[in-house]
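Welcome, and thanks for taking a look at this chain. Please keep the 3D view open while you read, since the text moves from place to place.

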Amino acid sequence: MSALERIKKQVEESPVILYMKGTPQMPMCGFSARTVEALKSCGKEFAYVNVILDSEIMQELPNFADWPTFPQLYIKGELIGGCDITLDLHQSGELQKMIDDAVEALRDDMDEALQRMHCDFMRQLQRQADETKLILDHQMKEISPGIYYNLWTFNGTSPGPTIRATEGDIVKIK
């Protein structure tokens, strides 16, 4: 995979990514250090690439978005800019909003993907039940606001009830 392909993949897969000299723990230039501090103050995780350790990315990144200097901040796949722009956005409060939106969009995408996976799993489970003449039954009752009691039965026997809270935690009851 070429350096430009890797950059494209990283930018598309990371809601917030910083191409910088050094690491957030040990920036190797003042511009990267100031950009990292602005990002850290937003309180959300972000991805980073140390361009010093990857000479191909360091060489090709300026061509990717026609931005010649480092650091380079991307949010939701778009180049935001370098240190000065990031600091201006931070000072105005816009950086926080942009990062919160990016993280929320990622959370929504993940929720949607999990829902699709759950539906696919349920279809597969039902198909297997149909093929093996297994009787699959599911009961769900809300036992408290946001707390659901799930009981699955297979041929009239239960592998055990579970409780699901609105946060998505599942607890097996013994």
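What follows is a short walk through the fold, its helix contacts, a few loop residues and two residues of the interior.

**The chain as a whole**

Please bear in mind that this is a predicted model. The protein chain holds five helices and eight strands. If you follow the sequence from start to end, these elements come in the order α-β-α-β-α-β-β-α-α-β-β-β-β. The chain has 174 residues, and 31% of them count as buried. Its accessible surface is about 11,300 Å², with 54% of that area belonging to carbon and sulfur atoms. As for contacts between residues at least 6 apart in sequence, 45% join residues that are at least 24 apart.

**Helix 2 with helix 4**

A good place to start is the pair formed by helix 2 (residues 30-41) and helix 4 (residues 83-92), whose axes lie 9 Å apart and pack at an angle of about 30°. Angles under 35 degrees count as roughly parallel, and therefore helix 2 and helix 4 are roughly parallel to each other. Their crossing is left-handed. On the helix 2 side, the contact uses Phe31, Arg34, Thr35, Ala38 and Ser41, and these meet Cys83, Thr86, Leu87 and His90 of helix 4. By type, the residues of this contact are four nonpolar, four polar and one charged.

**Helix 1 with helix 3**

Now turn to helix 1 (residues 3-13) and helix 3, whose axes come within 9 Å and cross at roughly 70°. Angles from 65 to 115 degrees count as roughly perpendicular, so helix 1 is roughly perpendicular to helix 3. Helix 1 brings Ala3, Leu4, Arg6, Ile7, Lys8, Gln10 and Val11 to the contact, while helix 3 brings Glu56, Ile57, Glu60, Leu61 and Phe64. The residues of this contact divide into seven nonpolar, one polar and four charged.

**Loop residues**

Several loop residues deserve a stop. The table lists three of them with their places and accessibilities.

| Residue | Loop | Relative accessibility |
|---|---|---|
| Met26 | between strand 1 (16-20) and helix 2 | 56%, exposed |
| Asp66 | between helix 3 and strand 3 | 69%, exposed |
| Lys76 | between strand 3 and strand 4 (78-81) | 52%, exposed |

Why does Asp66 count as exposed? The cut-off for exposed is over 50% relative accessible area, and Asp66 counts as exposed because its relative accessibility is 69%. The backbone of Asp66 is also worth a look: phi is near 55°, a positive value in a residue other than glycine. Lys76 is not a glycine either, and has a positive phi of about 50°.

For Met26, a distance helps to place the residue. Met26 and Val36 are ten residues apart along the chain, and their C-alpha atoms are separated by 10.0 Å.

Where in the chain does Pro71 lie? Pro71 is found in the loop between helix 3 (55-64) and strand 3 (72-75). The peptide bond that joins Phe70 and Pro71 is cis, with omega at about 5°.

**Two residues of the interior**

Thr35, already met in the contact of helix 2 with helix 4, is a residue of helix 2. Is Thr35 buried or exposed? Buried means under 20% relative accessible area, and Thr35, with a relative accessible area of 1%, is therefore buried. Setting aside residues up to four places away in sequence, Thr35 touches Leu18, Pro71, Cys83 and Thr86. Among these partners is Pro71, the proline of the cis peptide bond with Phe70.

Leu73 lies in strand 3. At 0% relative accessibility, Leu73 counts as buried. Which residues are in contact with Leu73, leaving aside its neighbours within four places in sequence? They are Val16, Ile17, Leu18, Leu39, Glu78, Leu79, Ile80, Gly81, Thr86 and Leu95. Leu18 and Thr86 thus appear in the list for Leu73, and they are also among the partners of Thr35. Finally, Leu73 and Ala47 are 26 residues apart in sequence, and the distance from C-alpha to C-alpha is 10.0 Å.

Notes:
Residues numbered from 1 in each chain as written. Predicted model: local features only at pLDDT ≥ 70, side-chain atom pairs only at ≥ 80, totals over all residues. Heavy atoms only, no water. Axes fitted to C-alpha atoms, helices over the stretch in contact; angles between N-to-C directions. Helix = DSSP H or I, 4+ residues; strand = E, 2+ residues; numbered from the N terminus. Parallel < 35°, antiparallel > 145°, perpendicular 65-115°, else oblique. Left-handed = near helix turned anticlockwise from the far one by under 90°. Contact = heavy atoms within 4.5 Å. Nonpolar A, V, L, I, M, F, W, Y, C, P; charged D, E, K, R; others polar. Buried < 20%, exposed > 50% of the residue type's maximum accessible area, 1.4 Å probe, protein only. Areas by Shrake-Rupley, 256 points an atom, 1.4 Å probe, with all protein chains shown as cover.
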